[in-house]
Amino acid sequence: MAFIPSISSAQESEWAVMSRYMDQTKPLFALTQIVMRSGDCSLSSGQRELLAAFTSSLNRCTYCFGVHESTAQSFGVEADLLSALQRDIDTAPIEDRLKPLLRYTEKLTRAPSTVVQSDVDAIIAAGWDDNDFHYVVMICALFNFFNRLIEGYGVENVLDYRVQHGRTLHANGYRLPTDG
């Protein structure tokens, strides 16, 4: 149950938190839509959702992990992939080209002050460009933010809700529910 009594367990979601502050929510969701679904980046929507779910798993944010794992799966990411990545990026059944992105995301999430040039060089050497790198940083930053927002409010909700919300994000992107 959320930490504040004005958010009931039936309403418990990021929308229950964010809809109270539309002056903040509108630009944040617009930015998230660009970062996760469009913009000048060669990462697919599924790969972006994988990075979001991975970031959330590193933070142990059950709500965000569940939503973005479901969204990634809706884009075709294998169901067991995130579990394998949590155990070991190097042995996970994922194309080698994605591994430097995941290692970077892990380092930027867990110990941002330890990021060094060679971490970025590994991303570029794997065939990603400066724009792709920018989007990796943005996804990691956004989902660290969202994880702290959700955890700060104590939002948990149930698995069925998280799975359904993931499917909705797959279908509609990060548009506001009020945008129709």
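**Notes on the cysteines, Ser-56 and a small-probe cavity**

1. Let me start with Cys-41: its sulfur lies 14 Å from the closest cysteine sulfur, the one in Cys-140, and that is too far for a bond. Please keep in mind throughout that this is a predicted model. Cys-41 itself counts as buried because its relative accessible area is 15%, which falls under the 20% cut-off.

2. How many disulfides does the model hold? The count is 0. Cys-64 is worth a look here, since the nearest cysteine sulfur, that of Cys-61, is 3.6 Å away. Cys-64 is nevertheless in no disulfide, because a pair of cysteine sulfur atoms has to be within 2.5 Å to count as one. With a relative accessible area of 4%, Cys-64 is buried.

3. Cys-61 and Cys-64 turn up again around Ser-56. Leaving aside residues up to four places away in sequence, Ser-56 touches Cys-61, Cys-64, Phe-65, Phe-143 and Asn-147. Ser-56 sits in helix α3, which covers residues 45–58.

4. Is Ser-56 buried or exposed? Its relative accessibility is 0%, so Ser-56 counts as buried. Which side chain does the side chain of Ser-56 meet in a polar contact? The partner is Asn-147, and the contact is 2.9 Å long. Asn-147 also appears among the residues that Ser-56 touches.

5. Next, Gly-66. This residue belongs to helix α4, residues 62–74. A relative accessible area of 8% is why Gly-66 is classed as buried. If you would like a distance to check in your viewer, take the C-alpha atoms of Gly-66 and Leu-31: they are separated by 21 Å, with the two positions 35 residues apart along the chain.

6. Now to the internal space. The model has 1 cavity of 30 Å³ or more, and the largest cavity holds about 30 Å³ of space. Its lining is made up of Gln-47, Leu-50, Leu-51, Leu-98, Leu-101 and Leu-102. Two elements, α3 and α6 (99–110), each give two or more residues to that lining.

7. Which element supplies the largest share of the lining of the largest cavity? That is α3, with 3 residues; Ser-56 lies in this helix too. By class, the lining of the largest cavity has 5 nonpolar residues, 1 polar residue and no charged ones.

Terms used:
Residues are numbered from 1 along each chain as its sequence is written. This is a predicted model: local features need pLDDT of at least 70, side-chain atom pairs count only at pLDDT 80 or more; totals for chains, interfaces and linings use all residues. Side-chain values use heavy atoms; hydrogens and water are left out. Helices (H or I, at least four residues) and strands (E, at least two) are DSSP runs, numbered from the N terminus. Buried means under 20% relative accessible area, exposed over 50%, partly exposed in between (1.4 Å probe, protein chains only). A polar contact is a pair of N or O atoms within 3.5 Å; within protein, one must be able to donate a hydrogen and the other to accept it, and residues adjacent in sequence count only if both atoms are side-chain atoms. Contact means heavy atoms within 4.5 Å. On a 1 Å grid over the protein atoms alone, a cavity is a set of points where a 1.4 Å probe fits but cannot get out, and a pocket is an open set with protein on both sides within 12 Å along at least five of seven lines; lining residues have an atom within 4 Å of a point. Grid points are joined across faces, edges and corners, and a volume is the space filled by probe spheres set on the points. Ala, Val, Leu, Ile, Met, Phe, Trp, Tyr, Cys and Pro count as nonpolar, Asp, Glu, Lys and Arg as charged, and the others, Gly among them, as polar.
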